[in-house]
Amino acid sequence: MSSKLHDNQKPSLGAVWQVTRFFSHIMARSSNIPSSSPLPPPSSPPPSELSSSPSSLPTSPSPSRSASHDSNQSRARSPSPAPSSSSSGHSSEQPSEQHPASTKGMFYKARDFTLFGCTFQNVQHVGHPKTVLERLAEHILVGSRFEIVGEDAPLCHHQTRLHIIKTAGEFYLPPRSKKIFWLSGPAGVGKTAIMRSIARSEGQRIGATIFFSKANERTDSHRFVQTIAYQLAVQIPAYQQIVADKLAADPMLLGGGTKELFKKLIEMPFRNLNDLGNDGPWMILIDGLDECDGEGAQREIVEMIGAFVHQYPASSLVWIIASRAENSLRVAFSQQVVNSNCHRERIEIDTPEARREVEIYLESEFNRIRSAFADQFSSPQSWPTRRQFNDLAKSASGLFLLASTASRFIGDSSVGNPTNQLTILLSAIKNGGVTSGKESPLSPLHNVYSQILSSTSRETFISVTRRILGCCRLLPRNTIHTTSFALSCNFLGIAQHDAYSSLQRLHSVLDVPSPTDAAVKEMKILHSSFYEFLENQSVAQDYYVGRQDAGVDIVRCSFRILQEANRGAGPLPQSSKITLTWQHPDRLENAREMLLNTAYDGFRLLAIVDNVPDQLSSSLLAEADFSKLDCYLNPSVKTTVHKARRNHPVFFEWLIEKWKAKPDNFKDTVKELSLWKVRTHSIRIDRAVIHFRFTLEGKNVVVRPRVYSGCEDIRRKFNGESLESFKQILRDRRFDSPATKVQMWGRDRRKSCLLFQCDGARAGDKTVVKEIFFIPYLGSSSAAED
């Protein structure tokens with residue numbers, strides 16, 4: 001079968017349509033595919049959807065096609081071979097892998113025909129062109145609008161957050177006349193509920209809303225501008241036409257960068273209030289900016305908005321942004337171009353106002369739950385009890401996330417027993433969020449904390465963050481001295497840059513002082529539930545901060561500081577020798593002295609922290625200068641008369657008991673000898689000897705220390721007596737109890753001491769319960785007579 005057309009013939013459109021349908025029959029027959037509708041008569045005009053311009057094959061896509069179809073565009077741009085004057089109709093049975101069905105021509109699988117001198121017409125199916133809204137919709141963050149203003153979205157209680165919601169509706173008016181409203185606050189204070197309430201309150205003035213959320217996988221900053229543009233185009237016809245014109249001129253526009261899109265779709269159309277003939281102003285609500293993907297993208301958004309409102313103050317757009325006050329965002333909002341046009345509202349936790357509003361919310365929720373389960377309460381006012389309500393309100397302490405989590409758990413309709421649920425919840429709160437065999441009622445709160453902590457690398461958390469959290473939690477409770485964030489970091493040996501870097505993503509749960517305030521302010525948690533989470537290993541898991549580990553770390557750091565202060569031959573510690581990792585030029589000496597005092601208290605934990613590993617005790621003490629072991633203790637231990645307490649023993653008393661309980665742990669450090677073999681002339685005259693007398697006074701045992709030394713500076717500092725007076729006491733004890741055993745501590749004979757305890761009865765005074773002696777000693781176990 002063949003068909004021939006002469007070169008000088010110019011077929012009509014109807015003829016072209018006939019030829020096209022004729023080839024369709026050929027293709028159908030060769031592929032065993034039933035033929036379509038009968039050929040129209042020659043007089044029938046071609047269908048309107050067919051293009052009839054004579055041309056070669058197309059080299060670019062139709063403007064109506066979406067710019068997102070990259071693969072089709074790539075193929076469309078590639079040059080097509082020119083048709084030859086003769087074409088063989090034989091084709092392979094196997095389709096080429098490089099040419100999917102959508103690109104196969106009319107002769108695909110046709111055979112046994114020849115064409116001579118043909119004129120081909122470009123016939124292309126254009127289809128229904130997409131509207132500008134359809135094209136924008138392909139690039140938006142789905143759910144951003146309805147997550148805020150949907151019917152089921154939680155809102156603020158009508159009696160709470162009134163000031164913030166009112167201010168959000170007026171901040172752009174005189175006298176403030178700002179264009180940016182930054183609502184910041186810690187995690188869980190209800191920022192999203194406030195934003196939803198603003199959206200509901202302002203109604204027709206809301207131009208667009210965008211809600212970033214890691215939990216809902218809405219974090220793509222590249223869709224930020226398109227999402228706003230889509231919602232504005234829905235409401236402003238003139239703006240919709242502007243976007244349509246821009247897309248017609250540049251079909252690839254929506255695939256551009258964020259800055260380019262912001263300039264072309266936001267900045268240029270909204271430069272002035274009346275450019276679009278709209279009433280304005282239009283509010284743009286951006287919630288959860290801190291959950292946008294990457295700190296760089298977050299800063300870019302703030303900087304773009306700040307530059308826009310600064311350059312075009314008459315614009316009809318005003319911006320309300322809600323986020324946690326992470327460090328990167330605080331820096332971005334502090335830039336002059338942003339700060340000068342920004343009104344700030346900070347939501348605090350655990351303030352009287354926050355606690356009152358949470359109580360209002362809880363009362364409302366309990367009323368709702370009682371109504372929903374009315375058949376379970378004979379008297380509506382009998383549940384919950386006042387104590388239960390107060391315990392829950394106290395635990396919430398102004399944190400709306402905890403209050404709303406509690407409400408959902410108590411009123412869970414799938415359980416249907418709010419009385420039992422409240423009991424379980426209060427028990428879980430008391431136990432740090434743990435319930436036996438069940439998911440914790442506080443799981444939503446714990447999930448938020450886990451998500452926040454996951455933004456810090458595991459290596460950084462273990463080496464720096466965990467140590468700071470543990471120290472700032474435990475150290476202030478175990479020292480009588482004032483602590484600060486800078487002091488804690490110096491105490492831990494952590495440099496300023498490492499400290500701030502490790503905490504930069506945790507400002508939503510921590511109050512971290514600025515560098516200018518770090519020397520006088522402590523780092524604090526924003527809500528007690530965060531430490532309760534950290535200290536419960538079953539819920540915190542990889543983010544567990546144990547008190548025992550923190551105590552051990554404090555002991556190690558205290559020992560390091562005391563070692564530095566006691567370097568050299570001097571009899572007294574010198575704070576000037578302590579190394580600082582965080583320099584304060586105007587506070588250097590004061591900082592070192594404070595560190596030394598704090599180290600005294602921290603080292604004391606070695607004797608009182610539960611379950612301190614024996615290996616730690618022995619390894620630290622093996623490195624100590626035992627001739628100056630008294631210098632590792634607060635100087636008050638040498639002069640202060642105090643009641644004996646079992647849980648806080650005298651350090652030397654604890655050391656003797658530690659050795660008696662497990663002598664093998666100190667076999668390389670301690671040697672035992674008879675008191676009779678102690679040589680009084682080997683007692684060091686340049687150190688402090690301490691004699692502790694435990695006397696019974698009434699029902700109490702009182703510890704009375706006394707210092708003896710051959711060094712005048714030591715005697716003057718501690719109101720001591722001469723060393724000769726002590727030697728006489730020692731001779732008397734040796735004569736009364738020659739078999740008394742003495743422990744000599746220290747591997748280096750120049751850094752040794754003697755420790756021993758005498759029974760009070762042997763001292764010849766019935767009011768004396770016992771005596772403990774600490775004697776710096778030039779170590780030798782050889783016997784000698786005085």
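Trainee: Over how many bridges do E16 and E17 pair?
Mentor: Keep in mind that we're looking at a predicted model. E17 covers residues 752–759, and its pairing with E16 is antiparallel. One bridge puts Gln743 together with Leu755 in E17. The count for the pairing of E16 and E17 is 3 bridges.

Trainee: Which residue in the turn between E16 and E17 has a positive phi?
Mentor: E16 and E17 make a hairpin, and 6 residues sit between them. In that turn, a phi of about 120° belongs to Gly746.

Trainee: Which strand do 5 bridges join to E16?
Mentor: Look for an antiparallel partner of E16. A good landmark is Lys741 in E16, which has Ser674 opposite. The partner strand spans residues 670–674, and its name is E12.

Trainee: Is E16 largely enclosed, or is it open to the outside?
Mentor: Check its residues, 741–745, one at a time. A residue is buried when its relative accessible area is under 20%. Since 4 of the 5 residues in E16 are buried, the rest of the structure leaves this strand largely enclosed.

Trainee: Moving on past E17, is Gly760 buried or exposed?
Mentor: Gly760 is in the loop between E17 and strand E18 (768–777). Its C-alpha atom is 8.1 Å from that of Phe694, although the two are 66 residues apart along the chain. The cut-off for buried is under 20%. Because its relative accessibility is 0%, Gly760 is buried.

Trainee: Let's go to the open sheet of 5 strands. What is the strand order?
Mentor: The pairing in this sheet is parallel. Its edge strands, each pairing on one side only, are E5 (206–211) and E8 (342–346). Neighbouring strands are turned by 15° against each other on average, ignoring direction. Read across, the order is E5-E6-E7-E4-E8.

Trainee: Which residue in E7 stands opposite Leu183?
Mentor: Leu183 points out of E4 on the side that Phe181 takes too. E4 (residues 180–184) pairs with E7 (residues 317–323) over 5 bridges in the parallel sense. Trp182 has Ile321 as its bridge partner in E7. For Leu183, the residue opposite is Ala322.

Trainee: And which residue in E8 stands opposite Phe181?
Mentor: E4 also pairs with E8, again in the parallel sense and over 5 bridges. Opposite Phe181 you find His343.

Trainee: How many of the 5 residues of E4 are buried?
Mentor: Follow the side chains: Ile180, Trp182 and Ser184 point one way, while Phe181 and Leu183 point the other way. Both groups are buried. That's why E4 is largely enclosed by the rest of the structure: the count is 5 of the 5.

Trainee: At about what angle to E6 does helix H6 run?
Mentor: H6 takes in residues 191–202 and lies across E4, E5, E6 and E7. Its angle to E6 (282–287) is about 160°.

Trainee: Which element gives the most residues to the lining of the second largest pocket?
Mentor: This pocket has a volume of about 1100 Å³. Of its 39 lining residues, those closest to the centre are Pro154, Thr192, Ala193, Arg196 and Leu401. Elements giving two or more residues include H6, E7 and helix H17 (443–453). With 5 residues, the top contributor is H15.

Trainee: How many charged residues are in that pocket's lining?
Mentor: Split the lining of the second largest pocket by class. You get 15 nonpolar and 13 polar residues, and the number of charged ones is 11.

Trainee: Which residue follows Trp383 through a cis peptide bond?
Mentor: Most peptide bonds are trans. This one has omega near -5°. The residue after the bond lies in the loop between H13 and helix H14 (386–396). It is Pro384.

Trainee: Last one: is Gln541 buried or exposed?
Mentor: Gln541 has a positive phi of about 55° without being a glycine. You'll find it in the loop between helix H22 (537–540) and helix H23 (547–565). The cut-off for exposed is over 50%. Because its relative accessible area is 55%, Gln541 is exposed.

Technical notes:
Residues are numbered from 1 along each chain as its sequence is written. This is a predicted model: local features need pLDDT of at least 70, side-chain atom pairs count only at pLDDT 80 or more; totals for chains, interfaces and linings use all residues. Side-chain values use heavy atoms; hydrogens and water are left out. Two strands pair if DSSP finds at least two bridges between them. Axes are lines fitted to C-alpha atoms, for helices over the stretch in contact, and angles run from 0 to 180 degrees between N-to-C directions. Contact means heavy atoms within 4.5 Å. On a 1 Å grid over the protein atoms alone, a cavity is a set of points where a 1.4 Å probe fits but cannot get out, and a pocket is an open set with protein on both sides within 12 Å along at least five of seven lines; lining residues have an atom within 4 Å of a point. Grid points are joined across faces, edges and corners, and a volume is the space filled by probe spheres set on the points. Ala, Val, Leu, Ile, Met, Phe, Trp, Tyr, Cys and Pro count as nonpolar, Asp, Glu, Lys and Arg as charged, and the others, Gly among them, as polar. Buried means under 20% relative accessible area, exposed over 50%, partly exposed in between (1.4 Å probe, protein chains only).
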